[in-house]
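Dear colleague,

Please find below the structure that I am handing over to you, together with its sequence. A summary of the findings comes after it.

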Amino acid sequence: MTYHIAIDVSSVLRRTVCDLYSNLVTRPTGATVRKAIEEALAEQPEPNVTVIDFSHVTLLDFSCADEIVGKLLDAYQRAGGTPRTYFLIRGVHDAHLEAIEAVLERYDLAVIVQDDNGAVKLVGTLDDGARRVWHLVRQRGRVVASDVQEEFGDPVEDCSRVLDELFARRLVVRRDDGGVALPHAS
Amino acid sequence: MTSVITVPPSLDDQTFEHVLEQLAPLPVDQKILVDARHTRWSSPYGLTALLTLGQTRSERMSFTGPETEETASYWQRAGFYEHAEKVFEMHGHVPRPRAAASESNVLLEITAVARSDDVHDVVEKIQAKAQAILVNELNLDPMATMRFAMTLSEVCQNIVEHAGTTGWVAVQTYRYRQRLGRRVVVIAVCDAGIGFRKSLESSQGRKLSDRWDDAMALEDALIRGVSRFRDPGRGQGLAGVRRYVGKWEGKLAIRSGTARIAIVPAWEDDVPLREGLPAFPGAQVQITIPERVVQR
């Protein structure tokens, strides 16, 4: 069973920094918010899909995007091991996205972003081969290596390797039936 | 004996250099009077840079403001005198604040920035006024308000993170007559702190090249996104500012120490890099965003 957790970043900001603020600006603010998110996540059951919700955040500057999104995701990624926590970002507008994309590029990370209608897209750095496989997973809901081979004609070992990479980067989950799916759809 | 530094009639980032040229040869403990009696106009850069000037000498400088009522009153409404009284020994007439005397050209009065909370306050304040002016009057994209506030946040954070002293920020709009003939919105952020070169030198293990000077420090920070901090997320703030300024066909100029670097748009005559300027502590940033011409 995968647990679904939602973190309203604006509430964390108001609770930990100042209840009058709606803007995520400055590094100290970002660091405080990230630490609060990390503490909250430490108490959550695993495996889980954690939605980081920016809906009520007016402004997100580069420094805060780095502290909250960049450092949070980077820490989980560098911890290694079998992924037990997956991230999804929600409630971002274009200016938020610009800051988040710039940060992800610096860390060589990618994350799934969900829009208000529930549609998801990949943001960040991922090579073209892995990206097209991720899109196939999104399109089909569940795939195994042979599905990827059938679709793109690559050797099945290569297809398995790409699925492993997507799993290691927390962009897909492994299901009990051997297939992979997008985290929020698991 | 007191030396008199004459402030030019029109004070902006270019003419402020005349002030520094007069100041440079004077010993740090020299008694100085900064004389702005004949100044008729100042950009926000001029006003914030004047305040930083007041921080740079061991002997507190004297200051006398514009003689014309209109100019003095504008400087008062822009918040200059409130801060000037803290850094200068004031002489002559100091206009008193009047109730409800807000200035429509002033998006952000001169505001002191020293801590992270100050940056929050600046961003909260600017959002209220920025939408109306940037979108309705300068024809910028509605999303520009967000990007503008992000830009402001990042440049103000440079003071908090690198200056080690209080700096000032101001945002105003005015008609830029030189070549452009359009309205502009100008962000000025000035401090008299440690400056870019010393900030980058404080990075542990950083190798300095033979040609290490203020100009190279500015190039490293602005062009190559180098920061004194080692973690990979650093150095994005100025890179983001540079991107936005490029998108708006705006101009970004940073002066630090003896050099000044600029991202110069097609509508401007300025040079990208100036070296050998009179030494001045800290960093002085000016961002100029022009009105977008709507094609009919």
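The notes that follow treat aromatic contacts, a strand and two helices in turn. Please bear in mind that this is a predicted model.

Aromatic contacts

Over all chains, a search of the whole structure gives 11 aromatic pairs. One of them joins B:W41 and B:Y174: the ring centres are 5.1 Å apart and the planes stand at 80°, over the 60 degrees required, so this pair is edge-to-face. The two residues come from distant parts of the chain, with B:W41 in strand β4 (residues 41-42) of chain B and B:Y174 in strand β8 (residues 167-176) of chain B, 133 residues apart. Their surroundings may be described as follows: B:W41 is partly exposed, at 34% relative accessibility, whereas B:Y174 is buried, at 15%.

A further edge-to-face pair consists of B:W75 and B:F80, with ring centres 5.1 Å apart and planes at 70°. B:W75 is buried, with a relative accessibility of 1%, and B:F80 is buried as well, at 0%. Both residues belong to one aromatic cluster, which also contains B:F63, B:Y81 and B:F88.

B:F63 leads to another position in chain B. Its C-alpha lies 8.4 Å from that of B:G92, although the two residues are 29 apart in sequence. B:G92 is located in the loop between β6 (89-91) and β7 (106-113) of chain B. With a relative accessible area of 62%, above the 50% cut-off, B:G92 counts as exposed.

Chain A offers two cases of an arginine over a ring. A:R132 lies over the face of A:F152, 4.2 Å from the ring centre, and A:R174 is placed over the face of A:F167, at 5.0 Å from the ring centre.

A covered strand in chain A

Which residues of β3(A) are buried on its two faces? On one side they are A:N48, A:T50 and A:I52, and on the other A:V49, A:V51 and A:D53. In a regular strand, side chains alternate between the two faces of the sheet. Strand β3 (residues 48-53) of chain A thus has six of its six residues buried.

β3(A) has parallel neighbours. Strand β1 (residues 3-8) of chain A is joined to β3(A) by six bridges, and six bridges also connect β3(A) with strand β5 (residues 85-90) of chain A. A:I52 takes part in both pairings: A:I52 is the bridge partner of A:I7, and A:I52 stands opposite A:I89 in β5(A).

Two helices

Helix α3 (residues 62-79) of chain A comprises 18 residues and reaches 24 Å from its first C-alpha to its last, close to the expected 26 Å. At A:G70, α3(A) bends by about 30°. Since 14 of its 18 residues are buried, α3(A) is largely enclosed by the rest of the structure. The N-terminal end of α3(A) is capped by A:D61, which has a side-chain oxygen 3.3 Å from the backbone nitrogen of A:S63. Just after α3(A), A:G80 adopts a positive phi of about 70°.

In chain B, helix α9 (residues 236-247) has 12 residues, which should span 16 Å at 1.5 Å a residue; the end C-alpha atoms are 16 Å apart, in agreement. The buried residues of α9(B) include B:L238, B:V241, B:Y244 and B:V245. After α9(B) comes B:E249, with a positive phi near 55°.

Yours sincerely

Methods
Residues are numbered from 1 along each chain as its sequence is written. Chains are lettered from A and ligands numbered from 1 in the order in which they are written. Side-chain values use heavy atoms; hydrogens and water are left out. Rings of Phe, Tyr and Trp (its six-membered ring) pair if their centres lie within 6.5 Å; planes under 30 degrees apart count as stacked, over 60 as edge-to-face and the rest as tilted. Helices (H or I, at least four residues) and strands (E, at least two) are DSSP runs, numbered from the N terminus. Buried means under 20% relative accessible area, exposed over 50%, partly exposed in between (1.4 Å probe, protein chains only). A charge sits over a ring if NZ of Lys or CZ of Arg is within 6 Å of the ring centre and within 35 degrees of the ring normal. Two strands pair if DSSP finds at least two bridges between them. The expected span of a helix is 1.5 Å times one less than its number of residues. The bend at a residue is the angle between axes fitted to the seven residues ending there and the seven starting there. A polar contact is a pair of N or O atoms within 3.5 Å; within protein, one must be able to donate a hydrogen and the other to accept it, and residues adjacent in sequence count only if both atoms are side-chain atoms.
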